[in-house]
Amino acid sequence: RYSSTLKINMLYVAMPLAWPQGVNAVLRIALPLVHIQQQLREIRRAIIISVLLAVGLAIVLGSILAMGIVKPINKIIHTARKFSSGDFQHKILLDSKDEIGELASVLNNMASDIEEKINEVQVHNQHLSAILHSMVEGIIVLDKTGKILSINIPAENIFNIKKNEAEGRMFLEAIPNNDIADLIGEVSMKKEFVSKELSLVWPVKKFFIVDVSPIFQKEELSGCLVVVHDITEIRRLETMRKDFVANVSHELKTPLTSIKGFLETLIDGAFEDKENASRFLNIILDHANRLDGLINDLLSLSYLESKEIILNRSKVDVSKLVDSTIVTFKSQVK
């Protein structure tokens, strides 16, 4: 307590004393707090200095340890960013055998595996691309939403559209063909192969057989494959063959009709007329020669289709050809 006598703070201690003679007393001791406060200040100073030294030492040691940890981690992060950009040539070079060194080794192995897988996928894609571009059929790959993922050159030519204009767009936006779109929708619903013959009017009239197959990924429909077979040339050849048969039938019928008519005329009595009979027989001979020529032409056409002979070109007197034709059909004209 504060001593009013000494005008300072004092620490007082008092304790009773007893002797065997029965004398009782009290021992009272007073100590100025100045000395204690001085000692406390020295103790506080020592503690503060010790704490500052300890904190400084901890910061230095922590910085050293952090640099030892952060530096390899930064190296790992830098190389990992290279990996994410597709550059797998860089490797994480760490000599430490701790967990960080093990992490670096695992990342290096992972990068090597990823690079190998990417190379395999690229080779596989190159093979697929070569196959798609070498096919004469048009190929269109769609995802499950109907968006075009890939289209090959024959499909570009068939639908008169460029690859960069078609890919990434919905099918009907890129190729306005409702018949094929209906087939795609049918495959998406039934999840089964569909094939149908269709005709395309725009930009030119063509005939196709369109095959649409579903594409599955883990038993779920992920898209469909459209294969367009251009059968326009086949249909054209079929039409030409029909027309050719009709024309040949007509060409064969004409000389046969003439031969038949002149023979009937001769049988009916014209044979007695020497002058007309001789003329009729010459006409019959001409028609027989014409039949022989038609047959030879048919054989020549057959050889031409097989590309076994070369066409021999020669000059023709059209005037004489017209005159002989007029003579041949003179009786029909009359």
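The exchange below concerns the overall form and the second largest pocket of a predicted model.

Residues are numbered from 1 along each chain as its sequence is written. In this predicted model, local features need pLDDT of at least 70 and side-chain atom pairs count only at pLDDT 80 or more, while totals for chains, interfaces and linings use all residues.

Me: Why is the protein called more spread out than a compact globule?
Reply: The globule rule (2.2 Å times the number of residues to the power 0.38) is set against the radius of gyration, taken over C-alpha atoms. For 334 residues the rule gives 20 Å, and the radius of gyration is 54 Å, well over that value, so the protein is more spread out than a compact globule. Along the principal axes, the C-alpha atoms fill a box of roughly 200 × 40 × 35 Å.

Me: What share of the 334 residues counts as buried?
Reply: Buried means under 20% relative accessible area, with a 1.4 Å probe and protein chains only; 22% of the residues meet this.

Me: What makes up the lining of the second largest pocket, by class?
Reply: The lining has six nonpolar, five polar and one charged residues. Ala, Val, Leu, Ile, Met, Phe, Trp, Tyr, Cys and Pro count as nonpolar, Asp, Glu, Lys and Arg as charged, and the others, Gly among them, as polar. Leu128, Ile131, Ser150 and Lys163 are among the lining residues.

Me: Which element gives the most to this lining of the second largest pocket?
Reply: α2 does, with six residues.

Note on methods
Side-chain values use heavy atoms; hydrogens and water are left out. On a 1 Å grid over the protein atoms alone, a cavity is a set of points where a 1.4 Å probe fits but cannot get out, and a pocket is an open set with protein on both sides within 12 Å along at least five of seven lines; lining residues have an atom within 4 Å of a point. Helices (H or I, at least four residues) and strands (E, at least two) are DSSP runs, numbered from the N terminus. Buried means under 20% relative accessible area, exposed over 50%, partly exposed in between (1.4 Å probe, protein chains only).
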